[in-house]
Amino acid sequence: MFLDRVKINVRAGSGGDGAATFRREAHVPRGGPDGGDGGRGGSISLRVDPGQTTLRDFRQHHHFRAESGGRGSGSRRHGKAGGDLVLTVPPGTAVYDDATGELVADLVSSEQVAMVAKGGRGGLGNVHFATSTHQTPKHAQKGEPGEELWIRLELRLIADVGLVGLPNAGKSTLLAAMTAARPKIADYPFTTLEPNLGVLDLGDEDERRPTIADVPGLIEGASLGAGLGHAFLRHVERTRILVHVVDGSDRDPEWSHGVIRDELEAHDPALLRKPIVVAFNKMDQPAAVSAWPLFQEARQRDGIACVPIAAVTGQGIAELRALIAERLPDADDLGIPPEPAGVVVHRIESLGDGFVVERDADGGFRVRGKRIERIAAQTDFEIDESADRFQRDLGRLGIDAELRRAGIVAGDTVRIGAVSLEWDREAWESA
Ligand SMILES: Nc1nc2c(ncn2[C@@H]2O[C@H](COP(=O)(O)OP(=O)(O)OP(=O)(O)O)[C@@H](O)[C@H]2O)c(=O)[nH]1
Ligand SMILES: [Mg+2]
């Protein structure tokens, strides 16, 4: 099954904890701190694999984790860095933060990489906390938690040429006639259920290798969700040229042509601004031959290029190829969508000191703020010295004062990120 939209959960590795250890030597009675830092956690990135055309690999598996960093240890030994995880996606994969809907990255070109979840930094070992007045710190930082989020991957195939038309018009037959692709062809509508891609051969003289996509047939109302084609219109959004295949032997080719134009326009008016070439197909049939003159005249009036073909016999294919070749850009620009896409949007995580104090439903207090939440996550409250340090940070950031203003009393609960603390007036005042 073709899969072009999927939601996955990515969790980067946490940083390893820093160590709080002291030098032990026979002739030194009380050695200084020598706890090493924790290793950084592994990150999760997405990389474009040009060989992939669907997000099928994500069908079963929705949770991805990168390795955590190792703990630091004595003798200033640093913990091992956690291994990164690289997931491959097809070209044309847009990545959204599912919670905010924000575009995180637009992965277009081969081997392009975007980091989607950053590993946590390793905690600092106690060697970093020795000062002239405090030479034996028992404080060491815990590792920073890795980023965790749900992301939505959405595929928009990257093809230079898109084939559109009503069901049974002969799109797949045309794709097979112009490329080495072998899509399923049958004399009933909706034979194509998922996009097929082929590489167009423009002849020995031409070094360009444009890709061409055949999508499921469109019907009247497709843009409103009718039929199969609707969801697949997305895949022609990024093409440079559209080839509209019309079944010339149909009862009313003029009507077919109008339906497709209306549906393209309703989906996205920009589609009609792309160069369009009409392939008037099935010219091996007498009905098509007799309908052609009127159809051609109408297209001349519209100023739309039009060519009579018979995909099954190869008639007119060379002319169609030439019309497409004329409208395609240089080799360098092929394979890259014409829109200003392809830019990786970097998320800039602000680490501001800002915070807010809120009341939880149970009467407890909740402090929200990027920096304080991170400090809390990196504090080991079992170690008095670390807990003291944390209280000083609360004072320094003005959180302490704000909690008092909000009416906190001894015994109340304070929640910061995943940490839950009991407000102990005495200790906090002395801090
Ligand atoms: N006589 C004739 N029949 C053709 C020609 N091109 C395609 N056909 C036939 O038309 C039928 C539909 O062809 P497909 O290529 O499967 O059409 P499609 O547009 O891909 O159809 P869907 O995938 O269902 O949207 C098949 O029976 C083809 O053999 C042609 O030039 N002449
Ligand atoms: Mg088809």
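Along strand 10 (residues 196–199), which side chains point to one face and are buried, and which point to the other and are not? Asn196 and Gly198 share the buried face, while Leu197 and Val199 point the other way and are not buried. Welcome to a quick tour of this structure, which is a predicted model. The domain assignment splits the chain into domain 1 (1–155), domain 2 (161–333) and domain 3 (356–430). Taken over C-alpha atoms, the centres of domain 1 and domain 2 are 47 Å apart.

**Strand 10 and its partner**

- Strand 10 runs antiparallel to strand 11 (residues 211–214), and four bridges join the two.
- Within this pairing, Leu197 has Ala213 of strand 11 opposite.
- Leu197 is also one of the strand 10 residues whose side chains point to the face that is not buried.

**Around ligand 1**

- The shell of ligand 1 holds 24 residues, and those that come nearest are Gly170, Ser172, Asp187, Thr192 and Gly217.
- Helix 1 (residues 171–178) supplies the largest share of this shell, with three residues.
- By character, the shell around ligand 1 is made up of 10 nonpolar, 10 polar and four charged residues.

**The nonpolar cores**

- As a general tendency, nonpolar side chains in soluble globular proteins are buried together.
- Here the largest nonpolar core has 65 residues, and Val116, Leu163, Ala279 and Phe280 touch the most other members.
- Strand 12 is the top contributor to this core, giving five residues.
- Both domain 1 (1–155) and domain 2 (161–333) take part in this core, each with at least three residues.
- Another core lies apart from that one; it has 12 residues, including Ala377, Leu394, Val414 and Leu421.
- Back in the largest core, Phe280 is one of the residues that touch the most other members.
- Leaving aside residues up to four places away in sequence, Phe280 touches Val246, Gly248, Pro253, Ala288, Trp292, Phe295, Cys306, Val307, Pro308 and Ile309.

**A look at Glu237**

- Glu237 sits in the loop between helix 2 (229–232) and strand 12 (241–247).
- Is Glu237 buried, exposed or partly exposed? Glu237 counts as partly exposed because 18 C-beta neighbours lie inside 10 Å, whereas a buried residue needs 20 or more.
- Not counting residues up to four places away in sequence, the contacts of Glu237 are Arg156, Asp268 and Leu271.
- From C-alpha to C-alpha, Glu237 is 9.4 Å from His267, and 30 residues separate the two in sequence.

Technical notes: Residues are numbered from 1 along each chain as its sequence is written. Chains are lettered from A and ligands numbered from 1 in the order in which they are written. This is a predicted model: local features need pLDDT of at least 70, side-chain atom pairs count only at pLDDT 80 or more; totals for chains, interfaces and linings use all residues. Domain bounds come from an automatic or database domain assignment. A residue is near a molecule or strand if its C-beta atom, placed from the backbone, lies within 6 Å of it. Ala, Val, Leu, Ile, Met, Phe, Trp, Tyr, Cys and Pro count as nonpolar, Asp, Glu, Lys and Arg as charged, and the others, Gly among them, as polar. Two residues are in contact if their C-beta atoms, placed from the backbone, lie within 7 Å. A nonpolar core is a set of buried Ala, Val, Leu, Ile, Met, Phe, Trp, Tyr and Cys residues joined through C-beta atoms within 7 Å. Two strands pair if DSSP finds at least two bridges between them.
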